[in-house]
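The exercises below are meant to be worked with the sequence and the model side by side. Try each task before reading its solution.

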Amino acid sequence: MTSGAATPGGATPFGARLAAAMDEHGPLCVGIDPHVGLLDAWGLTDDAAGLRTFALTVLDAVAGRVAAVKPQSALFERHGSAGVAVLEEVVAAGRETGTLVIVDAKRGDIGSTMDGYADAYLRDGSPLAGDALTVSPYLGFGSLDPAVDAALASGRGLFVLCLTSNKEGHEVQHARTEDGVSVAAVMAGRAAALNAGADPLGSIGLVVGATIGDSAARTGVDLAAVNGPLLAPGVGAQGAGPRELAAVFGAARRQVLASSSRGVLRAGPDLAALRTAARTAAHEAAAALR
Ligand SMILES: O=c1ccn([C@@H]2O[C@H](COP(=O)(O)O)[C@@H](O)[C@H]2O)c(=O)[nH]1
């Protein structure tokens, strides 16, 4: 199955749903990252009850107003099963609003184990299944096959780590294979093959940080050729803004979903202030990527 085709059950593919959401609300994803410092600043406790209030407040403020939200799984997992139960509730509540939910869990393992992750995050009826999942291809892109199959079969999407926003990503992503191709370009090429022919966008996206400067050119990654969405973290707290978005993405700018977590969340817990922060970030991203 290619990433643009309707699913056997008739679901609209993730790429098409995301393109429509970005057209309607602008190219912004708000990260739901309940860091200890933010919980404290919001007057919340660092426990499952605090997480729940935090995450549901963010949803209340931005759902139906932005293209997507992205709960950061690690910050729920640190509270054990009670935190994971909150993540499940947030995924369900987010999906109910119609806002796309990208679960940022960066899963990756050998194929047989990846089957389990695919079941957990990409199967209809699973409590952790949002609309898309972030995955790590660094056990080999082919190890992601179960997730690719499950995503395409259920109308969900993947965001494959390609050129990440952290400075350490170079060690792996800029390395060259024996053919002289960068590892990042191999990953981008594999995503492009899965998205071939999809219109308006395929469902196998990449994570490409807004902070990467000229890394796409340096690694030979042709972002426009990916024909899939590009999740761009690094906006706001990590220092990237409109200028970086425009410079990094160039001809691929219409594929970009800019992502900001702390940059928006620091405006909380006031709902109006959160909405204003998200609206400003969305307008800035839209202007930069026009
Ligand atoms: O390359 C990557 C991949 C994922 N992230 C995640 O995005 C958010 C960024 O949060 P900010 O507060 O906006 O810095 C966080 O959940 C990261 O794990 C990333 O930053 N870079």
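For the classes used below, Ala, Val, Leu, Ile, Met, Phe, Trp, Tyr, Cys and Pro count as nonpolar, Asp, Glu, Lys and Arg as charged, and the others, Gly among them, as polar. This is a predicted model, in which local features need a pLDDT (the predictor's confidence in each residue, from 0 to 100) of at least 70, side-chain atom pairs count only at pLDDT 80 or more, and totals for chains, interfaces and linings use all residues. Residues are numbered from 1 along each chain as its sequence is written.

**Exercise 1. The ligand shell**

Describe the shell around the ligand by class, by its nearest residues and by the elements that supply it.

Solution. Begin with the classes: the shell has three nonpolar, 13 polar and three charged residues. Next, a residue is near the ligand if its C-beta atom, placed from the backbone, lies within 6 Å of it; of the 19 residues around the ligand, those that come nearest are Thr164, Ser165, Pro233, Ser261 and Arg262. Finally, turn to secondary structure, where helices (H or I, at least four residues) and strands (E, at least two) are DSSP runs numbered from the N terminus: strand E8 (256–260) and helix H12 (262–265) each supply at least two residues of the shell.

**Exercise 2. The annotated position**

Locate Lys106 and explain why Lys106 falls into its exposure class.

Solution. The unreviewed UniProt entry places the feature "active site" at Lys106; UniProt positions are given in the numbering used here, feature names are shortened, and annotations may be inferred rather than shown by experiment. Lys106 lies in strand E3, residues 100–107. A residue is buried if 20 or more other C-beta atoms, placed from the backbone, lie within 10 Å of its own, exposed if 12 or fewer, and partly exposed in between. Lys106 has 18 C-beta neighbours inside 10 Å and therefore counts as partly exposed. With contact taken as C-beta atoms, placed from the backbone, within 7 Å, and residues up to four places away in sequence not counted, Lys106 touches Thr134, Val135, Ser136 and Leu161.

**Exercise 3. Two residues in contact**

Compare the settings of Ala210 and Val248, and find which residues each of them touches.

Solution. First place the two residues: Ala210 is in the loop between strand E6 (204–208) and helix H10 (215–219), whereas Val248 is in helix H11, residues 242–249. Then count neighbours: Ala210 is buried because 31 C-beta atoms lie inside 10 Å, and Val248 is buried because 27 do. Leaving aside neighbours within four places in sequence, the contacts of Ala210 include Ser165, Pro233, Glu244, Val248 and Ala258, while Val248 touches Ala210, Ile212 and Ala216.

**Exercise 4. The overall fold**

Why does the radius of gyration agree with that of a compact globule, and what do the contacts and scores add?

Solution. Over C-alpha atoms, the globule rule is 2.2 Å times the number of residues to the power 0.38; for 290 residues this gives a radius near 19 Å, and the protein has 18 Å, so the two agree. The protein contains 13 helices and eight strands, and 53% of its residues count as buried. Among contacts between residues at least 6 apart in sequence, 77% join residues at least 24 apart. The average pLDDT is 97, with 98% of the residues scoring at least 70, and the model scores ipTM 0.99 and pTM 0.97.

Note on methods: Contact = placed C-beta atoms within 7 Å.
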